[in-house]
Amino acid sequence: MRALQYTAFGGPEVLAVVDAPEPHAGPGQVRVRVRAAGLNPLDWKIRRGLMSQGRPLEGPGRSGFEAAGVVDEVGEGVTGTAVGDDVFGLGEATHAELALLDAWAAKPAAVDWAVAAGSAVAAEVSVRVLDLLGVGAGSTLLVDGGAGGVGAVGVQLAVSRGATVIASAGEANQGYLTEIGALPVRYGDGLAERVRAVAPEGLDAVFDVAGKTPPPTLASMVSDPAQVVTISQFELGDSGIRVTTEPGDRAAALAEAARLLESNGLVVEVQTFPLERAREAVEISESGHVRGKLVLLP
Ligand SMILES: NC(=O)c1ccc[n+]([C@@H]2O[C@H](COP(=O)([O-])OP(=O)(O)OC[C@H]3O[C@@H](n4cnc5c(N)ncnc54)[C@H](OP(=O)(O)O)[C@@H]3O)[C@@H](O)[C@H]2O)c1
């Protein structure tokens, strides 16, 4: 099968589409014939060796943590899913023609493959953070970095729970934030003042997606700094801000995303690229200014 791989840590130039052995579903897994696979910043952080703690690359480097596709092999112990089902979900090495998923949900028939594929990682992390923050009806939430892969899904999941959502993005993405149901603000210096102007009653919670705003600024926006949860900054000192890295209930998060996708409560703008043009997609991802989701089509 064709798969995106690399043999040394490095920039986009180390990526190549190669002929790789087919994987087989282990216990609790399904194998899908991939129709679309999302690209995440974690893919390039791993490929650049930033997560290796100095260890050399072992075996071929593979990428991709989410995909949508048609089940073509079912592992031991899996119930309720059969060969031929259309699903989307979370796995590893999904930037390939065939991939294994460890958690999945049925893909609603009317939902585009690329949109479903690009929702999985973002839905899992967003549901995890919104649950930690207790976001629900009547909450006022800031999503800092609301226009990218995770942020756009986090905004819409919070809106669907009845929250008022303020979200930050660059100038070019202010309109996109409005389209997905957020009150838009520009990020950068003066963020706290701009948020206060939009939400004079104050915030109940902050979802720090982008990890670019200094922790003291984020903490100053809520009465209790534990009501700031970040997924992308780790030097938090004694700010009281919480960080989350471990997956939560993946199946429940995917099911919540599937319901929203089906009812058009979750709409993701996707940019798609054939696997052979993955480097172009990766360069956009590494720029840090992504609107919606980058998706590869094997
Ligand atoms: N801990 C976890 O479990 C977990 C899980 C998933 C992702 N993550 C991390 O979450 C981060 C975001 O992922 P993603 O997929 O959403 O990335 P992405 O799709 O690349 O989007 C990045 C977004 O950040 C925004 N941004 C850039 N500079 C900013 C600033 N100064 N202030 C606020 N926002 C800014 C950009 O907005 P503009 O385009 O408008 O500039 C862009 O929309 C990554 O670091 C990723 O590794 C962590």
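Biologist: Let's start with the ligand. Which backbone has a polar atom 3.0 Å from a ligand oxygen?

Modeller: The general idea is to look for pairs of N or O atoms within 3.5 Å. Here, in what is a predicted model, an oxygen atom of the ligand sits 3.0 Å from a polar backbone atom of G148. A ligand oxygen is also 2.4 Å from an N or O atom in the Y187 side chain. On the nitrogen side, a backbone N or O atom of I231 lies 3.0 Å from a ligand nitrogen.

Biologist: And how much of the ligand does the protein bury?

Modeller: You compare the ligand taken alone with the ligand in place. Alone, the ligand exposes 930 Å², and the protein buries 87% of that.

Biologist: How many residues surround the ligand, and which are the closest?

Modeller: There are 25 residues around the ligand, with K45, G149, G170, Y187 and H289 the closest. By character, the shell splits into 10 nonpolar, 11 polar and four charged residues.

Biologist: Which elements and domains supply that shell?

Modeller: Try mapping the shell onto the fold. At least two shell residues come from each of α1 (41–47), α3 (120–133), α4 (149–160) and β9 (164–169). As for domains, domain 1 (2–118 + 268–297) and domain 2 (123–243) each contribute at least three residues to the shell.

Biologist: Now the largest nonpolar core. Which residues touch the most other members?

Modeller: Think of a core as a network and look for its hubs. This one has 53 residues, and F88, L133, V135, L141, V143 and F207 touch the most other members. Helix α3 gives the largest share of this core, nine residues.

Biologist: Why does this core lie between domain 1 and domain 2?

Modeller: Because both domain 1 (2–118 + 268–297) and domain 2 (123–243) give residues to this core.

Biologist: Let's try single residues. Is S239 buried or exposed?

Modeller: The cut-off for buried is under 20% relative accessible area. S239 has 15%, so S239 is buried. You'll find S239 in the loop between β12 (228–230) and β13 (242–243).

Biologist: What does the side chain of S239 reach?

Modeller: The S239 side chain reaches the backbone oxygen of L236 at 2.7 Å. A polar atom of that side chain also lies 3.3 Å from the backbone nitrogen of I241.

Biologist: And where is A257?

Modeller: A257 is in helix α8 (residues 250–262). With 0% relative accessibility, A257 counts as buried too. Sequence and space are worth reading side by side: A257 and P247 are 10 residues apart in sequence, and 15 Å apart in space, C-alpha to C-alpha.

Conventions. Residues numbered from 1 in each chain as written. Predicted model: local features only at pLDDT ≥ 70, side-chain atom pairs only at ≥ 80, totals over all residues. Heavy atoms only, no water. Near = heavy atom within 4 Å. Polar contact = N/O pair within 3.5 Å; in protein donor to acceptor, adjacent residues only side chain to side chain. Areas by Shrake-Rupley, 256 points an atom, 1.4 Å probe, with all protein chains shown as cover. Helix = DSSP H or I, 4+ residues; strand = E, 2+ residues; numbered from the N terminus. Nonpolar A, V, L, I, M, F, W, Y, C, P; charged D, E, K, R; others polar. Domains from an automatic or database assignment. Core = buried A, V, L, I, M, F, W, Y, C linked by side-chain atoms within 4.5 Å. Buried < 20%, exposed > 50% of the residue type's maximum accessible area, 1.4 Å probe, protein only.
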